[in-house]
Amino acid sequence: MYVMAIDQGTTSSRAIIFDHGGQIVSTGQLEHEQVLPRAGWVEHDPVEIWANVRQVVAQALSRAELNAGDIAAVGITNQRETAVVWDRTTGEPVYNAIVWQDTRTDRICAELGGEDGQDRYRDRVGLPLATYFSGPKVKWILDNVDGARERAEAGDLLFGTTDTWVLWNMTGGPNGGVHVTDVTNASRTMLMDLRTLQWDEGIAADMGIPVSMLPEIRSSSEVYGTGRGHGLLSGVPIAGILGDQQAATFGQACFEVGMAKNTYGTGNFMLLNTGTEPVFSRNGLLTTVCYKIGEQDAVYALEGSIAVTGSLVQWLRDNLGIISSAPEVEELARTVADNGGAYFVPAFSGLFAPYWRSDARGVLVGLTRFVNRGHIARAALEATAFQTREVLDAMDADSGVPLAELKVDGGMVANETLMQFQADILGVDVVRPKVAETTALGAAYAAGIAVGFWQGEADVTANWAEDRRWRPEMDQAERERTYRLWKKAVNRTFDWVDDDVV
């Protein structure tokens, strides 16, 4: 028997089948369109996503020559804050999914904050009022789509992040689909009380969101329903849901207080396990639910979220055309010895942790005639490492526990130039696991634990193995010099968006 994970990500949907040892048996993957209607707006077509999920499940099964009877359970992991609103009777979305990177809700967030500012709800939800989170996106849809608010108040519309959208469709859609999310995804909406793990009806009312739209909040590891209505996974228990960054933390076996991982994907996300009590940040980090296994107590985390890392490499490829494929960025960066004095701060969606500045926009500074394509490629890679250092500094300040080493995963960890620079700029070892697909693996583990395929966290820890370790090679003076210049560059991004800039 095997376990399947469905990883519904920002740029693609994947299905990955794992064996009992946590090894990959087969995969299926399809990218979906990034819909960019205007500056700062990022959307996905939920219908395309659901069609792609069905296709990648079929790909993974056929490549492994397996069928539904060979799958013990399915886990779902997903891009967390991306909001979908759809009709419960027809299953039709009322609008495209509004993606976590989208900044259109800036004014809504400012209005909600009022005199209290962005921290109005932080002591309940652990999050600042920012365009990143789902609640204000739902308000935007209800405010701007003709008839949506009336239909929502009549009980005809449902909201979910993409885990909920996929689960609802997998379990029958309009014909009895299960409308559920887990605590990790619910903790990213701005609508869930971190202590009670229930929807906060007062905040929902402030945002004008009927509670009838909201999915039921459940643990990250339990049977929510079984596949039905589309054949491929009919009768298979769907038994795990974790937001993508929490899934990666689970897959990296970060079960002890003080353990941390950093995922290098479209954006970067560092999570630090803080145990069964939420720790509220004084340094620009998010307080979030890390995971909850069945009836056990919820485990919390501090998170540093960085909006643009891997997507900066895509931007070099798609918008500037200085590389033709993402892996080429490393080859180009290696043509130069250093960044040539250039620093690239990719504040395309404002700045996330630790600044939370939606008025920021990207800058490329320190340019001279000496700077060439190689320096720009290197500056783009270094931006990922510098932003990670800023988050780690904030975590050290909040937790009081200096990190001994950083576990890393995600697509960019194949880039050895970046990983070495990351170790250099942090001054700690950077460790890559043998199975780098820890996001999908974490969702698979959560599902497998729920049905007894794995016995619990001990099995996850036993399966984890180190692949490669990078040790710092940069001297302290150089580390601090280049980091000081990075901070100077970050300051140049502030206050770019004026009131008359749409």
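This report walks through a six-strand sheet, the helix packed on it, the nonpolar cores and two helix pairs.

Bear in mind that this is a predicted model, where local features need pLDDT of at least 70 and side-chain atom pairs count only at pLDDT 80 or more, while totals for chains, interfaces and linings use all residues. Residues are numbered from 1 along each chain as its sequence is written, and side-chain values use heavy atoms, with hydrogens and water left out.

## The mixed sheet

Let's start with the open sheet of 6 strands, which runs in the order S3-S2-S1-S5-S14-S13 with mixed pairing. Strands here are DSSP runs of E with at least two residues, helices are runs of H or I with at least four, and both are numbered from the N terminus. Two strands pair if DSSP finds at least two bridges between them. Strand S3 (24-31) and strand S13 (221-226) sit at the edges with a single partner strand each, so one side of each has no neighbour in the sheet. On average, neighbouring strands are turned by 25 degrees against each other, direction ignored.

Here are three of the pairings in this sheet.

| Strand pair | Sense | Bridges |
|---|---|---|
| S1 (residues 2-8) and S5 (residues 71-78) | parallel | 7 bridges |
| S1 (residues 2-8) and S2 (residues 12-18) | antiparallel | 6 bridges |
| S5 (residues 71-78) and S14 (residues 237-243) | parallel | 5 bridges |

If you want to find these pairings on screen, aspartate 7 has threonine 77 in S5 as its bridge partner. Valine 3 is bridged to phenylalanine 18 in S2, and isoleucine 76 stands opposite isoleucine 241 in S14. S1 and S2 are also joined by a hairpin through 3 residues.

How covered is S1? In strand S1, 6 of the 7 residues are buried (under 20% relative accessible area, with exposed over 50% and partly exposed in between, using a 1.4 Å probe and protein chains only), so S1 is largely enclosed by the rest of the structure.

## Helix H6 on the sheet

Helix H6 (residues 162-170) is largely enclosed too, because 9 of its 9 residues are buried. Among them are Trp165, Trp168 and Met170, along with the polar Asp163 and Asn169. H6 packs on the sheet, where it touches S1, S5, S13 and S14, and its direction makes about 145 degrees with that of S5. Angles like this one run from 0 to 180 degrees between N-to-C directions, and axes are lines fitted to C-alpha atoms, for helices over the stretch in contact. Just after H6, glycine 172 takes a positive phi of about 125 degrees.

## Strand S8

Strand S8 (residues 157-161) is mostly covered, with 5 of its 5 residues buried. Leu157, Phe159 and Thr161 point one way, and Leu158 and Gly160 point the other. That fits the rule that in a regular strand the side chains alternate between the two faces of the sheet. S8 pairs with strand S6 (residues 83-87) in the antiparallel sense over 5 bridges, and aspartate 87 stands opposite leucine 157.

## The cores

A nonpolar core is a set of buried Ala, Val, Leu, Ile, Met, Phe, Trp, Tyr and Cys residues joined through side-chain atoms within 4.5 Å. The largest one has 138 residues, and Tyr132, Met213 and Phe250 have the most contacts inside it. Helix H12 (residues 373-399) supplies the largest share of this core, 12 residues. Another core, of 33 residues, lies apart from it and includes Ala60, Trp86, Leu158 and Val178.

Which residues does methionine 213 meet beyond its neighbours within four places in sequence? Its contacts (heavy atoms within 4.5 Å) include Val85, Val138, Leu157 and His179. Valine 138 is found in helix H4 (residues 134-144) and counts as buried at 0% relative accessibility. Leaving out residues up to four places away in sequence, valine 138 touches Ala83, Val85, Phe159, Ile209 and Met213.

## H12 and its helix partners

The axes of helix H10 (residues 310-320) and H12 come within 8 Å and cross at roughly 160 degrees. H10 and H12 are therefore roughly antiparallel (over 145 degrees; under 35 is roughly parallel, 65 to 115 roughly perpendicular and the rest oblique). Leu312, Val313 and Leu316 of H10 make the contact with Ile376, Ala377, Ala380, Leu381 and Ala383 of H12.

With helix H16 (residues 476-491), the axis of H12 comes within 11 Å and crosses at roughly 95 degrees, which means that H12 is roughly perpendicular to H16. Among the residues in this contact are Phe386 and Arg389 of H12 and Tyr483 and Trp486 of H16.
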